[in-house]
Amino acid sequence: MTERTGMTGDEIKAVLDAHARWLRGEGGKRADLRGAYLRGVNLWGAYLGGANLWGANLRGADLRGANLWGADLWGADLWGADLRGVNLWGAYLGGANLRGANLRGADLQDADLQDARMGNGITHAGGETMTGA
């Protein structure tokens, strides 16, 4: 998949605002960030439940405390991302790259991690560092 070019802060805000309206049933639009280049972006506390982040580049992104319940993160690159306290309940992370990500305190209940790449050094929800995964 070809990555989209980077998004400006205003573009990201517009997507988040439209997504919030969609979730409330007030029109808007489901966040479609498929293949988006969001490397290192600050999405601290963002509400992206049900969003489509299929194949997005979120390397090193700050997603602390974000709500990504039921989000589609298939094949997303989350290498080194800060996912502390993130709600990933029911999220689809199949084939995602989670190497070096910090998942301390993250809710992974019912998340699909099939074929997710975790490698060495991932800090998972329990706070321990997983190796050889």
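This talk describes a predicted model of one protein, beginning with its overall make-up and ending with its salt bridges.

Good morning. The protein contains 1 helix and 2 strands, and along the sequence these follow the pattern α-β-β. Of its 133 residues, 41% count as buried. The accessible surface comes to about 6600 Å², and carbon and sulfur atoms account for 48% of that surface. As for contacts with a separation of 6 or more, 14% of them are between residues 24 or more positions apart.

Let me turn to the helix, H1, which covers residues 9-23. Does the length of H1 agree with the span expected for its 15 residues, or disagree? At 1.5 Å a residue, H1 should span 21 Å, and its end C-alpha atoms are 21 Å apart, so the two agree.

Which residues of H1 are buried? They are Ile 12, Ala 18 and His 19. Viewed down the helix axis, the buried residues of H1 fall within an arc of 130°, and therefore they line one face of the helix. On the other side of H1, Gly 9 and Asp 10 are exposed. Just after the helix comes Gly 25, which takes a positive phi of about 75°.

H1 also carries a salt bridge, between Lys 13 and Asp 17, whose closest N and O atoms are 2.8 Å apart. Why are these two residues separated by about one helical turn? The reason is that they are 4 residues apart in H1. Lys 13 is partly exposed, with a relative accessible area of 48%, and Asp 17 is partly exposed as well, at 32%.

Next, the aromatic rings. The count comes to 1 aromatic pair. It consists of Trp 54 and Trp 74, with ring centres 4.9 Å apart and planes at 15°. Planes under 30 degrees apart count as stacked, so this pair is stacked. Both Trp 54 and Trp 74 lie in the loop between H1 and strand E1 (122-123), and the pair therefore ties together parts that are 20 residues apart in sequence. Each ring belongs to a partly exposed residue: the relative accessibility of Trp 54 is 27%, and that of Trp 74 is 34%.

I come now to the salt bridges as a group. How many does the structure hold? There are 7 salt bridges, including the one in H1 between Lys 13 and Asp 17.

Another joins the side chains of Glu 26 and Arg 24, at 3.0 Å from N to O. Is Arg 24 buried or exposed? With a relative accessible area of 52%, Arg 24 is exposed. Its partner Glu 26, at 47%, counts as partly exposed.

A further salt bridge is formed by Asp 82 and Arg 64, at 3.7 Å from N to O. This pair links distant parts of the chain, since both residues lie in the loop between H1 and E1 and are 18 residues apart. Asp 82 has a relative accessible area of 16%; buried means under 20%, so Asp 82 is buried. Arg 64, at 31%, counts as partly exposed.

Finally, which residues are linked with Asp 82 and Arg 64 in a network of salt bridges? They are Asp 62 and Arg 84.

That concludes the presentation. Thank you for your attention.

Notes
Residues are numbered from 1 along each chain as its sequence is written. This is a predicted model: local features need pLDDT of at least 70, side-chain atom pairs count only at pLDDT 80 or more; totals for chains, interfaces and linings use all residues. Side-chain values use heavy atoms; hydrogens and water are left out. The expected span of a helix is 1.5 Å times one less than its number of residues. Buried means under 20% relative accessible area, exposed over 50%, partly exposed in between (1.4 Å probe, protein chains only). The arc is that of the directions from the helix axis to the C-beta atoms. Rings of Phe, Tyr and Trp (its six-membered ring) pair if their centres lie within 6.5 Å; planes under 30 degrees apart count as stacked, over 60 as edge-to-face and the rest as tilted. A salt bridge is a side-chain nitrogen of Lys or Arg within 4 Å of a carboxyl oxygen of Asp or Glu. Contact means heavy atoms within 4.5 Å. Accessible areas come from the Shrake-Rupley method with a 1.4 Å probe; for residues, only the protein chains shown count as cover.
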